[in-house]
Amino acid sequence: MRFLEKINKKKFTLISIFLFSYVMLNLLDGERGLLSYYEKQKVIKQFSQEKKSLKHQLNLIEKRNSLLTDIIDIDYLETLYRTKFMVGKKNEKIYLKQ
(Lines give C-alpha, C1' and ligand atoms only; values in the text may rest on other atoms or scores of the structure.)
Protein backbone atom coordinates (compact mmCIF):
# COMPACT_ATOMS: atom_id res chain seq x y z
CA MET A 1 0.00 0.00 0.00
CA ARG A 2 2.76 2.35 0.86
CA PHE A 3 4.41 1.70 -2.50
CA LEU A 4 1.25 2.71 -4.37
CA GLU A 5 1.01 5.92 -2.36
CA LYS A 6 4.58 6.86 -3.32
CA ILE A 7 3.83 6.16 -6.96
CA ASN A 8 0.66 8.27 -6.85
CA LYS A 9 2.59 11.18 -5.34
CA LYS A 10 5.36 11.01 -7.95
CA LYS A 11 3.13 10.25 -10.91
CA PHE A 12 4.06 13.46 -12.76
CA THR A 13 7.79 12.78 -12.33
CA LEU A 14 7.51 9.20 -13.60
CA ILE A 15 5.42 10.20 -16.60
CA SER A 16 7.89 12.96 -17.41
CA ILE A 17 10.83 10.54 -17.24
CA PHE A 18 9.10 8.03 -19.50
CA LEU A 19 8.11 10.69 -22.03
CA PHE A 20 11.60 12.19 -22.04
CA SER A 21 13.23 8.79 -22.57
CA TYR A 22 10.74 7.99 -25.37
CA VAL A 23 11.47 11.27 -27.15
CA MET A 24 15.25 10.82 -26.80
CA LEU A 25 15.17 7.27 -28.15
CA ASN A 26 13.07 8.33 -31.14
CA LEU A 27 15.32 11.34 -31.74
CA LEU A 28 18.44 9.21 -31.98
CA ASP A 29 17.09 5.98 -33.40
CA GLY A 30 14.22 4.99 -35.63
CA GLU A 31 13.10 5.81 -39.14
CA ARG A 32 13.40 9.58 -38.71
CA GLY A 33 16.20 9.60 -36.14
CA LEU A 34 19.61 11.20 -36.18
CA LEU A 35 21.45 7.99 -37.07
CA SER A 36 19.09 7.35 -39.95
CA TYR A 37 19.67 10.91 -41.17
CA TYR A 38 23.42 10.38 -41.43
CA GLU A 39 22.94 7.06 -43.23
CA LYS A 40 20.62 8.71 -45.73
CA GLN A 41 23.12 11.52 -46.30
CA LYS A 42 25.79 8.92 -47.06
CA VAL A 43 23.48 7.20 -49.57
CA ILE A 44 22.69 10.54 -51.24
CA LYS A 45 26.40 11.29 -51.59
CA GLN A 46 27.04 7.86 -53.08
CA PHE A 47 24.20 8.29 -55.58
CA SER A 48 25.42 11.72 -56.62
CA GLN A 49 28.90 10.30 -57.32
CA GLU A 50 27.36 7.46 -59.31
CA LYS A 51 25.24 9.97 -61.25
CA LYS A 52 28.35 12.01 -62.06
CA SER A 53 30.22 8.96 -63.37
CA LEU A 54 27.22 7.88 -65.46
CA LYS A 55 26.97 11.35 -66.99
CA HIS A 56 30.66 11.20 -67.87
CA GLN A 57 30.22 7.79 -69.53
CA LEU A 58 27.19 9.06 -71.42
CA ASN A 59 29.13 12.05 -72.73
CA LEU A 60 31.92 9.77 -73.94
CA ILE A 61 29.45 7.51 -75.73
CA GLU A 62 27.67 10.47 -77.32
CA LYS A 63 31.02 11.84 -78.49
CA ARG A 64 31.96 8.51 -80.06
CA ASN A 65 28.54 8.27 -81.66
CA SER A 66 28.82 11.76 -83.11
CA LEU A 67 32.19 10.86 -84.65
CA LEU A 68 30.56 8.00 -86.55
CA THR A 69 27.44 9.77 -87.82
CA ASP A 70 26.76 12.39 -90.51
CA ILE A 71 30.33 13.49 -91.19
CA ILE A 72 32.55 10.44 -90.91
CA ASP A 73 35.85 11.09 -89.16
CA ILE A 74 38.41 8.95 -91.00
CA ASP A 75 41.06 9.35 -88.31
CA TYR A 76 38.70 8.02 -85.67
CA LEU A 77 37.74 5.07 -87.89
CA GLU A 78 41.40 4.28 -88.40
CA THR A 79 42.06 4.20 -84.67
CA LEU A 80 39.02 1.95 -84.21
CA TYR A 81 40.27 -0.46 -86.89
CA ARG A 82 43.71 -0.56 -85.34
CA THR A 83 42.42 -1.28 -81.83
CA LYS A 84 39.69 -3.76 -82.79
CA PHE A 85 41.59 -5.74 -85.43
CA MET A 86 45.08 -5.43 -83.92
CA VAL A 87 46.47 -3.80 -87.04
CA GLY A 88 49.78 -2.05 -86.50
CA LYS A 89 51.72 -1.52 -83.32
CA LYS A 90 51.37 0.88 -80.42
CA ASN A 91 53.03 4.29 -80.86
CA GLU A 92 53.54 3.54 -84.56
CA LYS A 93 54.06 6.52 -86.84
CA ILE A 94 51.83 6.57 -89.88
CA TYR A 95 52.75 8.39 -93.08
CA LEU A 96 49.97 8.96 -95.59
CA LYS A 97 50.67 9.21 -99.30
CA GLN A 98 48.80 12.06 -100.90
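Met24 lies in helix α2 of a model that is predicted rather than experimental. With a relative accessible area of 33%, Met24 is partly exposed, and this residue belongs to a nonpolar surface patch of about 730 Å². The other members of the patch are Phe20, Leu27, Leu28, Leu34, Tyr37 and Tyr38. Membership in a patch requires over 30% relative accessible area; Met24 meets that condition because its value is 33%.

Two helices contribute to this patch. Helix α2 spans residues 11-28 and helix α3 spans residues 34-68, and each supplies at least two residues. The largest share, four residues, comes from α2. The patch thus joins side chains from two elements of the fold, which as a whole consists of four helices and zero strands. Read from the N terminus, the order of elements is α-α-α-α.

Two tyrosines of the patch, Tyr37 and Tyr38, also form an aromatic pair. A pair of aromatic rings is described by the distance of the centres and the angle of the planes. For Tyr37 and Tyr38, the centres are 5.6 Å apart and the planes meet at 65°. The pair is classed as edge-to-face because the angle between its planes, 65°, is over 60 degrees. The count of aromatic pairs in the model comes to one. The two partners fall into separate accessibility classes: Tyr37, at a relative accessible area of 45%, is partly exposed, whereas Tyr38, at 52%, is exposed. Tyr38 is placed in the exposed class because its value of 52% is over the 50% limit.

Ser36, which is also located in helix α3, presents another environment. Its relative accessibility is 12%, and Ser36 therefore counts as buried, the limit being under 20%. Beyond its neighbours within four places in sequence, Ser36 is in contact with Gly30 and Glu31.

The totals for the protein set these residues in context. Of its 98 residues, 3% count as buried, and Ser36 is one of the residues in the buried class. The protein exposes about 10,400 Å², of which carbon and sulfur atoms supply 63%.

Confidence in the prediction varies along the chain. The mean pLDDT of the protein is 83, and 90% of its residues reach 70 or more. Among the helices, α3 has the highest confidence, at a mean of 91, while α4, covering residues 74-85, has the lowest, at 75. Ser36 lies in helix α3, the element with that highest value.

How values were computed. Residues are numbered from 1 along each chain as its sequence is written. This is a predicted model: local features need pLDDT of at least 70, side-chain atom pairs count only at pLDDT 80 or more; totals for chains, interfaces and linings use all residues. Side-chain values use heavy atoms; hydrogens and water are left out. Rings of Phe, Tyr and Trp (its six-membered ring) pair if their centres lie within 6.5 Å; planes under 30 degrees apart count as stacked, over 60 as edge-to-face and the rest as tilted. Buried means under 20% relative accessible area, exposed over 50%, partly exposed in between (1.4 Å probe, protein chains only). Accessible areas come from the Shrake-Rupley method with a 1.4 Å probe; for residues, only the protein chains shown count as cover. Patches are made of residues with over 30% relative accessible area and no salt bridge: like charges are joined within 9 Å, nonpolar side chains (Val, Leu, Ile, Met, Phe, Trp, Tyr) within 5 Å. A salt bridge is a side-chain nitrogen of Lys or Arg within 4 Å of a carboxyl oxygen of Asp or Glu. Contact means heavy atoms within 4.5 Å. pLDDT is the predictor's confidence in each residue, from 0 to 100.
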